Amino acid sequence: MKQTEETFTKQDFNLKEYFQHTWSIIQGTDKIHFKVLFSSNVARYIKEEELFVTPKLTEKKDGSLLFEVTLNHDREFLQWIMQYGMDAEIMEPIEYREKMKQMLADWLKKYQ
């Protein structure tokens, strides 16, 4: 350790505000509003998840669950969705449906 002449001013910092719209650790600057439909097979698990963000959850008559959240980055969220396999479907934004389709096609190539 070495003492220096540098000083700093402590500022107010709100951790909750800082991580607003952040799925996990990666910070972004986008505002991406996702709508994901989870099947009735996994809906109860989604409702029990402890998340950094607070999604809007809408239960459907068939037992499925519409999950809506606005995030500032996509990578960790897409990885989380992938763990649910066919029980999760990105409804919006449409470009993320296409992105997921491409990711799955690339993944499939590894096993051919």
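So, the lining of the largest pocket: by class it has eight nonpolar, one polar and three charged residues. The classes here put Ala, Val, Leu, Ile, Met, Phe, Trp, Tyr, Cys and Pro under nonpolar, Asp, Glu, Lys and Arg under charged, and the others, Gly among them, under polar. Before I go on, this is a predicted model: local features need pLDDT of at least 70, side-chain atom pairs count only at pLDDT 80 or more, and totals for chains, interfaces and linings use all residues. Residues are numbered from 1 along each chain as its sequence is written, and side-chain values use heavy atoms, with hydrogens and water left out.

Okay, the pocket itself. Its volume is about 320 Å³, meaning the space filled by probe spheres set on grid points that are joined across faces, edges and corners. A pocket, on a 1 Å grid over the protein atoms alone with a 1.4 Å probe, is an open set with protein on both sides within 12 Å along at least five of seven lines, and lining residues have an atom within 4 Å of a point. Among the lining residues you'll find Ile-81, Met-82, Gly-85, Arg-97, Lys-101 and Trp-107. α3 (75-82), β4 (88-92) and α4 (94-109) each supply at least two of them, and α4 gives the largest share, five residues. Helices and strands are DSSP runs numbered from the N terminus, H or I with at least four residues for helices, E with at least two for strands.

Which residues put those two helices in touch? On α3 they are Leu-78, Ile-81 and Met-82, and on α4 they are Tyr-96, Lys-99, Met-100, Met-103, Leu-104 and Trp-107, where contact means heavy atoms within 4.5 Å. By class, that's eight nonpolar, no polar and one charged. The helix axes come within 12 Å and cross at roughly 65 degrees; axes are lines fitted to C-alpha atoms, for helices over the stretch in contact, with angles from 0 to 180 degrees between N-to-C directions.

Now the sheet. Four strands form an open, antiparallel sheet in the order β2-β3-β1-β4, and strands pair if DSSP finds at least two bridges between them. β2 (56-59) and β4 are at the edges with a single partner strand each, so one side of each has no neighbour in the sheet. On average, neighbouring strands are turned by 25 degrees against each other, direction ignored. Seven bridges join β1 (residues 32-38) to β3 (residues 65-71), with Leu-37 partnered by Leu-66. α3 packs on this sheet, touching β1, β3 and β4, and its direction makes about 5 degrees with that of β1. α4 lies across β1 and β4, at about 145 degrees to β4.

On the other edge, four bridges join β2 to β3, and Leu-57 stands opposite Phe-67. Their hairpin has five residues between the strands, and Gly-63 there takes a positive phi near 95 degrees.

Last backbone detail: the peptide bond joining Glu-92 and Pro-93 is cis, omega about -5 degrees, and Pro-93 is in the loop between β4 and α4.
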